[in-house]
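Biologist: I should like to learn how to read the features of a protein model. May we go through them one at a time?

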Amino acid sequence: MEFVAIIPARYASTRFPAKPLAILGGKPVIERVCCQASRVFDHVFVATDDSRIYDTVISCGYSAVMTRADHKSGTDRCYEAFCRCGVKADVVVNIQGDEPFVQPSQLETLKGLFESPETDIATLVKPFSPDTPFERIANPNSPKVVVDDNWNALYFSRSVIPYLRGIEQQQWPASHVYYKHIGLYAFRANVLKAVTSLPQAPLEKAESLEQLRWLSAGYRIKVGVTDVETIGIDTPADLQAAEQFLKTACP
């Protein structure tokens, strides 16, 4: 089975403009993402609409594809880049351009989910530990997932799901295993083509979570589990935290 990794990267970000080019441990964030992805995949491309990001990626020795500027989601940008990159792959892996600490073990877990021919789309979750404060789980910027007995996603939400009736909220983390969604996706190539043409779904609009569009349309999202904690770069404060994380937790 042939895989290709696509890394969507925008220059314009409301909370942190130019974050793919921010320097982390002496290297641009986007270079670190490319480096991690290249440890697992033979074909890795950055998908961007900005020449500064494109030039940086090329100068670092990696591949990039220029895409349109009007894409509404990273998935749409990912599909255009896949069509342009020239690689005929069975599965397209969408790696966030602001995840410089994505680990090979996570990417290998994602790949392994496609050993089942029934897998249309795959993603990852990380269990919250039982001693996690409820307030951290309740953070709406950290989407949660519930799964069925076969590890297919039932629902994604910014709310805490499931609701534990009759139990004090502060006791919820110790009373049930909650799963944090890790924003990595992989699609069979034909499925990626199909989902990029779907209209927005009411649930997606309500939660502002694109994956709910796919579930609403009947696609199954297979879920893998990782125990690796990483730090995404969403704000300048995240970059400072990532610098410390780089010194203490990463090779």
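Biologist: Which residue's side chain meets that of Arg-213 in a salt bridge?

Modeller: Please note beforehand that this model is predicted. The partner of Arg-213 is Glu-204, with an N to O distance of 2.7 Å. Both Arg-213 and Glu-204 are buried. Salt bridges that share partners also join Lys-19, Asp-98 and Asp-234 into one network.

Biologist: How many salt bridges does the structure hold?

Modeller: The structure holds nine. One of them is formed by the side chains of Arg-77 and Asp-49, at 3.9 Å from N to O. Arg-77 belongs to helix H3 (residues 74-85) and Asp-49 to the loop between S4 and H2, so this pair ties together parts that are 28 residues apart in sequence. Arg-77 is buried, at 2% relative accessible area, whereas Asp-49 is partly exposed, at 24%.

Biologist: How is a salt bridge within one helix to be read?

Modeller: An α-helix has 3.6 residues a turn, so residues three or four places apart point the same way. Here, Arg-84 forms a salt bridge with Glu-80, their closest N and O atoms being 2.7 Å apart. Both residues lie in helix H3, four residues apart, about one turn of the helix. Arg-84 is exposed, with 54% relative accessible area, while Glu-80 is buried, with 10%.

Biologist: Which residues of helix H2 are buried?

Modeller: In H2 (residues 51-59), they are Ile-53, Thr-56 and Val-57. These residues cover an arc of only 100° around the axis, which puts them on the same side of H2. The elements against which they pack include strand S1 (3-9), helix H1 (29-38) and strand S5 (63-66). Just after H2, Gly-61 takes a positive phi of about 95°.

Biologist: How should one read a nonpolar core?

Modeller: In soluble globular proteins, nonpolar side chains tend to be buried together. The largest nonpolar core in this model has 39 residues, and those with the most contacts inside it include Ile-7, Phe-41 and Leu-184. Helix H1 gives the most to this core, with five residues. A second, separate core of 32 residues includes Phe-45, Val-65, Phe-156 and Leu-209.

Biologist: How many disulfides does a search of the whole structure find?

Modeller: A disulfide is a covalent bond between the sulfur atoms of two cysteines. The search finds zero. For Cys-34, the nearest cysteine sulfur is that of Cys-60, 7.7 Å away. For Cys-85, the nearest is that of Cys-83, 8.4 Å away. Cys-34 is buried, at 1% relative accessible area, and Cys-85 also counts as buried, at 14%.

Terms used: Residues numbered from 1 in each chain as written. Predicted model: local features only at pLDDT ≥ 70, side-chain atom pairs only at ≥ 80, totals over all residues. Heavy atoms only, no water. Buried < 20%, exposed > 50% of the residue type's maximum accessible area, 1.4 Å probe, protein only. Helix = DSSP H or I, 4+ residues; strand = E, 2+ residues; numbered from the N terminus. Arc of directions from axis to C-beta. Contact = heavy atoms within 4.5 Å. Disulfide = S-S within 2.5 Å. Core = buried A, V, L, I, M, F, W, Y, C linked by side-chain atoms within 4.5 Å. Salt bridge = Lys/Arg side-chain N within 4 Å of Asp/Glu carboxyl O.
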